[in-house]
Amino acid sequence: MLDKTVTNPGFHKQFLLERFNSEEKKILNSLSQKWYLTSSGESLKVAQSTYNYFLMKPTQKTSEMFNIEREVVCVLSNYANFEPRSLDFFEQVYRRLPKMRAETVCAILISRADDVEEKVEGLLKADPEHQIIIPITYNEMSGTEATKTLENRIRKHFYSRDLFSFLSPLKKDTYFFGRSNLINEIVSRYQSGEHTSLFGLRKSGKTSIVYAIQRRLESNNDCVVSLDCESPSIHGLRWNELLERLVLQYHKTKSSKVKIDTTGRYDSKNAADSFENDIQKIYNSKKKSSTLFIFDEIERISPKTGSSIHWREHEDFIYFWQTMRGFYQKHPHIFCYMLVGTNPSCIESPTLLNHDNPIYASIPSQYVPPFTSEQVHQMVTKLGDYMGLKFDSLISAKLTEDYGGHPFLIRQACSHINRLAKSERPFFIDKAIYQKAKGEFRKHSRDYLDNDDSSAIRVVS
């Protein structure tokens, strides 16, 4: 008698097997021996190609083996040649599903192309943040050992990928952890019409948090304009030219059709008035909703720390923020701003360059908090499970203590643990492996800590 409290292999009673061709039916019947096929999905188009998808849920053994709990999206690509756009199809499927229904870290691509594994591996190397796509062919899934072949393929692609080794800010939610409260707080302030800031050490996750805030607001159809002040194309501008750039970017992000001609109108005498007129015109041209202006690496356009002399030593910061604050005081419903960086002196100093600081005491100083032991444990166990690495709470606590709850350093330390772990998985991380990996990481840590403000980060010996 079946135990209905666990997932048993087979088909859901509403699964429409008849909508698949005979070869695909054979594949689905094979899968139903080890998986529970929950939804027959539908056919959808990407460009000129049509793909089928269905959903299946792992049984308890598979779930424990690969840390897969929710349904897995499976795409059928009935084309002899692999096209990179078939990976775009997964995004279409996820948009159609309830948010928490399917696994987002992994999905399966069943393709008629014999070289699908090689092609997918090449694409995913170029995009390390992409979810894990398990590639397998129609031929492999039509054999007598289809489910075993699939299990081995999942094992290969889960355990061969280092999910800890990201060096760049995370642009997607897939591997982003531990900051939901902070993001909720910042989004809530924006929705209340308040300015915000976010300061922290280099590699503390500020830019990843900014990307997450953008994703959250854009999913609510809010407008976000983000400036990377580290770019010479930003800090190289004078204050009036930066106002003009902000108007043009706002116009583009809003997809406004109103005609804005900035030519000759943004000299130092007229820039503030032109900015006010143009921002209002763009705001009134579309659905009237507030916008968040994000200034990342704000110290690059601040006194004493600016990358260009006019921000560092001249009054450009004063004039720019006098304009921004003056506009906000008259039109608080049109935009808020968020300042992000390593140095909060631009909002904490009452005077700058012998002038009153226009934004002093108008923006609360918010700092990126370190991860708690619980957040570290959640991150390393979740990612570790996908890679076949088992971390217990004691190792998580050691990671938190030794690296000060700094998520980037913890990820890199875990990447070293992964390199030292045996290829046979699952592999349990013990104290001996941990200490060895910590020693290895200390030798390489200068690669991550060569920033002028990183001396506050200490890798314990």
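Tutor: Let's start with a ring rule: rings of Phe, Tyr and Trp pair if their centres lie within 6.5 Å. Keep in mind that this is a predicted model.

Student: Okay, what makes Tyr250, Phe275, Phe293, Phe295, Trp311, Phe317, Phe320, Trp321, Phe327, Tyr328, Phe335 and Tyr337 a cluster?

Tutor: Ring pairs link those residues to one another. Across the structure there are 26 aromatic pairs.

Student: Why is the pair of Phe335 and Tyr337 called tilted?

Tutor: Look at the planes: the angle between them is 45°. Under 30 degrees would count as stacked and over 60 as edge-to-face, so the rest, this pair included, are tilted. As for pairing at all, the centres are 6.3 Å apart, and the limit is 6.5 Å.

Student: Are Phe335 and Tyr337 buried or exposed?

Tutor: Both Phe335 and Tyr337 are buried.

Student: On to helices. What do I need to describe two packed ones?

Tutor: You need the angle between their axes and the distance between the axes.

Student: Then why are H10 and H13 called oblique to each other?

Tutor: Helix H10 covers residues 239-253 and helix H13 residues 316-330; they pack at about 40°, with axes 8 Å apart. Roughly parallel needs an angle under 35 degrees, and roughly perpendicular takes 65 to 115. The H10 and H13 angle fits neither range, so the two helices are oblique.

Student: Which residues make that contact?

Tutor: H10 brings Trp239, Leu242, Leu243 and Leu246, while H13 brings Asp316, Tyr319, Phe320, Thr323 and Met324. By type, the contact of H10 with H13 has seven nonpolar residues, one polar and one charged.

Student: How do you know that H10 is roughly parallel to H11?

Tutor: Their axes cross at roughly 5° and come within 10 Å, H11 being residues 271-285. Since angles under 35 degrees count as roughly parallel, H10 and H11 qualify. Among the H10 residues in this contact are Tyr250 and His251, and the H11 side includes Phe275 and Tyr283. The contact of H10 with H11 divides into 10 nonpolar, two polar and one charged residue.

Student: What makes Glu374 exposed?

Tutor: Its relative accessible area is 68%, and exposed means over 50%. Glu374 sits in helix H15, residues 373-387.

Student: How far is Glu374 from Pro364?

Tutor: C-alpha to C-alpha they are 27 Å apart in space, and 10 residues apart in sequence.

Student: What makes Arg112 a charge over the ring of Tyr138?

Tutor: Arg112 lies over the face of Tyr138, 4.4 Å from the ring centre, and the distance limit is 6 Å.

Conventions:
Residues are numbered from 1 along each chain as its sequence is written. This is a predicted model: local features need pLDDT of at least 70, side-chain atom pairs count only at pLDDT 80 or more; totals for chains, interfaces and linings use all residues. Side-chain values use heavy atoms; hydrogens and water are left out. Axes are lines fitted to C-alpha atoms, for helices over the stretch in contact, and angles run from 0 to 180 degrees between N-to-C directions. Helices (H or I, at least four residues) and strands (E, at least two) are DSSP runs, numbered from the N terminus. Angles under 35 degrees count as roughly parallel, over 145 as roughly antiparallel, 65 to 115 as roughly perpendicular and the rest as oblique. Contact means heavy atoms within 4.5 Å. Ala, Val, Leu, Ile, Met, Phe, Trp, Tyr, Cys and Pro count as nonpolar, Asp, Glu, Lys and Arg as charged, and the others, Gly among them, as polar. Rings of Phe, Tyr and Trp (its six-membered ring) pair if their centres lie within 6.5 Å; planes under 30 degrees apart count as stacked, over 60 as edge-to-face and the rest as tilted. Buried means under 20% relative accessible area, exposed over 50%, partly exposed in between (1.4 Å probe, protein chains only). A charge sits over a ring if NZ of Lys or CZ of Arg is within 6 Å of the ring centre and within 35 degrees of the ring normal.
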